[in-house]
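The exercises below ask you to read a structure step by step, and each task is followed by a worked solution. Please keep the sequence and the model in view as you go.

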Amino acid sequence: MRFTLLAALGLLLAAPAAYAQDYTADATYGEPYLEEGFTPDPQSISLTAGGGIRVNKSGCSYGYVANAPDVKLHYDTSGGSNLYIYAVADRDVTLLINTPSGRWVCNDDSFGNGDPILVFPGAEGGRYDIWVGTYGSDTAPARLYITEIDPR
């Protein structure tokens, strides 16, 4: 009995860690480097939204994403411009972003028609790790937009 308990404990400790959003992983759809006042504005990236991981980060608890970020945006700014990041798809998509300061933010339908938008007033410079998720567990073709001009 003791051997069985120790063997079971050993297997439990050796089990792989559960997947989570890994901002250190390589971006699946690229790493754009943008400087304040960039052109063309907006920038857009085609991607497949969603993944097999249920979001559960700092109050963000809806949507499914991949483990690796879809995009790692490097933004160089003096902090004077607003930054708008939004996604558009034929299905209900979500956004999850890890900001340069390490804060996790998310959105589901603020852009309308099941599309998300996150607004960063006086955006900080640095790397934004971006996941475009789906509200359900299926994936969907989507387009991610990055702009300094309010698209609403």
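In this predicted model, residues 24 or more positions apart account for 76% of the contacts in the chain with a separation of 6 or more.

**Exercise 1.** Describe the secondary structure of the chain and state what share of its residues is buried.

Solution. Begin by counting the elements, which gives one helix and 11 strands. Next, follow the sequence from its start, where the helix precedes the strands in the pattern α-β-β-β-β-β-β-β-β-β-β-β. Finally, turn to burial: of the 152 residues in the chain, 43% are buried, while the chain exposes about 8,100 Å², with carbon and sulfur atoms supplying 52% of that area.

**Exercise 2.** Determine how many aromatic pairs there are, and classify the pair W104 and W131.

Solution. With ring centres required to lie within 6.5 Å, the count is four aromatic pairs. The centres of the W104 and W131 rings are 5.4 Å apart and their planes stand at 35 degrees, an angle neither under 30 nor over 60, so this pair is tilted. To place the pair, note that W104 belongs to strand β8 (residues 104-107) and W131 to strand β10 (residues 126-134), so that distant parts of the chain, 27 residues apart, are linked. Both W104 and W131 are buried.

**Exercise 3.** Classify the pair F120 and Y128, and state whether these residues are buried or exposed.

Solution. Here the ring centres of F120 and Y128 are 5.3 Å apart and the planes meet at 65 degrees, which is over 60, so the pair is edge-to-face. As for burial, F120 and Y128 are both buried.

Definitions and conventions:
Residues numbered from 1 in each chain as written. Predicted model: local features only at pLDDT ≥ 70, side-chain atom pairs only at ≥ 80, totals over all residues. Heavy atoms only, no water. Phe/Tyr/Trp six-rings, centres within 6.5 Å; stacked < 30°, edge-to-face > 60°. Helix = DSSP H or I, 4+ residues; strand = E, 2+ residues; numbered from the N terminus. Buried < 20%, exposed > 50% of the residue type's maximum accessible area, 1.4 Å probe, protein only. Contact = heavy atoms within 4.5 Å. Areas by Shrake-Rupley, 256 points an atom, 1.4 Å probe, with all protein chains shown as cover.
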